[in-house]
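Visitor: I would like to learn how to read this model, feature by feature. Could you take me through it?

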Amino acid sequence: MVDNFTHSYPQTASFIPRLILPSILHQYTLSLSMASTHQKICWSVFLTLLLSNCQHEVDGAPQVPCYFIFGDSLSDSGNNNLLVTKAKANFKPYGIDFPLGPTGRFTNGRTIVDFISELLGFHGFIPSFVTATGKDVLQGVNYASGAAGIRDETGQHLGDRITLTRQLINYQLTVAQIATLLGGAAAAADQLSKCVFTVGIGSNDYINNYFLPNLYPTSKEFTPEQYATALIAQYSLQLKTLHVFGARKVALFGLGLIGCAPAELAAFSPPKGTCVDNINSAVQLFNDKLKSLVNDLNTEFTDSKFTYINIYGIGSGDPKAAGFKVTDSGCCGGRTGCAPSATPCSNRREYVFFDEFHPTEAVNVNMASRAYKSSTPSDVSPIDIHTLAHL
């Protein structure tokens, strides 16, 4: 699920801030004992570069004035806490490695967007929509919600969730707040044009819709190709709404290998050591169309730049080469879910998944670093988030 840390880390050393440093140093300690001579050299060079460069990046002002986040549980930072839903993570052991404990993040520590905000130079975490007040909104807001999808019905069997449609409505309320704080719509538009926006959504449209045929009719109504086309058509309209309300620098996360999630392995029982191929194939159809949509949006909106983050590609490769020993079971709950006050594994940096669906912090830091500064040309299309921020 995760490409080789010894390959990607040295190329990201010049921009990883100090808040990420403890995670990496622990990973270094764990990996060194089992590393080859070549890998030890890579790690040593990386740490030298990291320690000499991280001070400069963090002590300055953020690279952009604000960062706005849309998505699902991979980005949620607490918007579901007060909802009537099964999609919640505001209890232990979630947050066991997070500075503030359980906050509603669906992992043991920080999410991919937490790390991206740090890489962009923000000194605190971007507030969730439900907690952002007053001038907080000027530095950005996180609207993401667990179980949310592109389609409004997605995830409804789990209870309430803030769909992408509703997230965009909440964003419009924030835009009005910003206009009031800055003295008018023109000032708000100028501010928003400089901000970074990330949108990571669509996984639930497969996990909690298309591949639950007993609860949703979509798999009977659409072939995988048709479904991907329908999702992208709706997503396109939603992204154009985001553009209407000021977004000019937008990074879109593709979907990961959700057919390798422990819950999907339990549900579909593929041969040991493999993933659910038909789910991953469906995801690739969506990703291919999303990448094409990015090209279309860049052609249509010459005042903006959209970019595609290849989460599927970044997550491919041999996870064991990166120090991960457990790839088919969650650190908490195995394949069945992480219950309140459950005892998680102690070797969390050796697990790809924290629960039955969501990656550990160790995976998130690698995903974020390669989204922010690409390690290979295939990581992003056409540009990485670092380049996007500096346009």
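Guide: Gladly. Let us begin with the naming: helices and strands are DSSP runs, at least four residues for a helix and at least two for a strand, numbered from the N terminus. Keep in mind that this is a predicted model. The protein has 14 helices and five strands.

Visitor: With that numbering, where is Pro382?

Guide: Pro382 sits in the loop between strand 5 and helix 14, the latter spanning 385–389. The peptide bond that leads into Pro382 from Ser381 is cis, with omega near 5°.

Visitor: What is the general expectation for peptide bonds and phi?

Guide: Most peptide bonds are trans, and most residues other than glycine have a negative phi. Here, another cis bond runs from Lys92 to Pro93, with omega near 15°. Pro93 belongs to the loop between strand 1 and helix 4.

Visitor: And which value does phi take at Ser269?

Guide: Phi of Ser269 is near 50°, which is positive although the residue is not a glycine. Ser269 lies in the loop between helix 10 (262–268) and helix 11 (277–300). Ser341 also has a positive phi, of about 65°, and is placed in the loop between helix 12 (311–314) and helix 13.

Visitor: Is Ser269 buried or exposed?

Guide: Exposed means over 50% relative accessible area. Ser269 is exposed at 57%, and Ser341 counts as exposed at 64%. For the protein as a whole, 58% of the 391 residues count as buried.

Visitor: In what order do the strands form the sheet?

Guide: The five strands make an open sheet in the order 1-2-3-4-5, with mixed pairing. Strand 1 (67–71) and strand 5 (380–381) are the edge strands, each pairing on one side only. Strand 4 (residues 305–309) and strand 5 run antiparallel and are joined by two bridges. Across that pair, Ile309 stands opposite Val380.

Visitor: Which helix lies across strand 1?

Guide: Helix 4 (residues 112–119) does, and helix 4 also lies across strand 2 (196–200) and strand 3 (249–253). Its angle to strand 1 is about 165°.

Visitor: How do we look for empty space?

Guide: Rolling a probe the size of a water molecule over the atoms shows where empty space is left. The largest pocket here holds about 830 Å³ of space. It is lined by 43 residues, of which Ser73, Leu74, Ile207, Phe357 and His358 are the closest to its centre. Helix 7 (203–210) and helix 13 (361–372) are the elements that give two or more residues to this lining. Helix 7 gives the most, with four residues.

Note on methods:
Residues are numbered from 1 along each chain as its sequence is written. This is a predicted model: local features need pLDDT of at least 70, side-chain atom pairs count only at pLDDT 80 or more; totals for chains, interfaces and linings use all residues. Side-chain values use heavy atoms; hydrogens and water are left out. Buried means under 20% relative accessible area, exposed over 50%, partly exposed in between (1.4 Å probe, protein chains only). Two strands pair if DSSP finds at least two bridges between them. Contact means heavy atoms within 4.5 Å. Axes are lines fitted to C-alpha atoms, for helices over the stretch in contact, and angles run from 0 to 180 degrees between N-to-C directions. On a 1 Å grid over the protein atoms alone, a cavity is a set of points where a 1.4 Å probe fits but cannot get out, and a pocket is an open set with protein on both sides within 12 Å along at least five of seven lines; lining residues have an atom within 4 Å of a point. Grid points are joined across faces, edges and corners, and a volume is the space filled by probe spheres set on the points.
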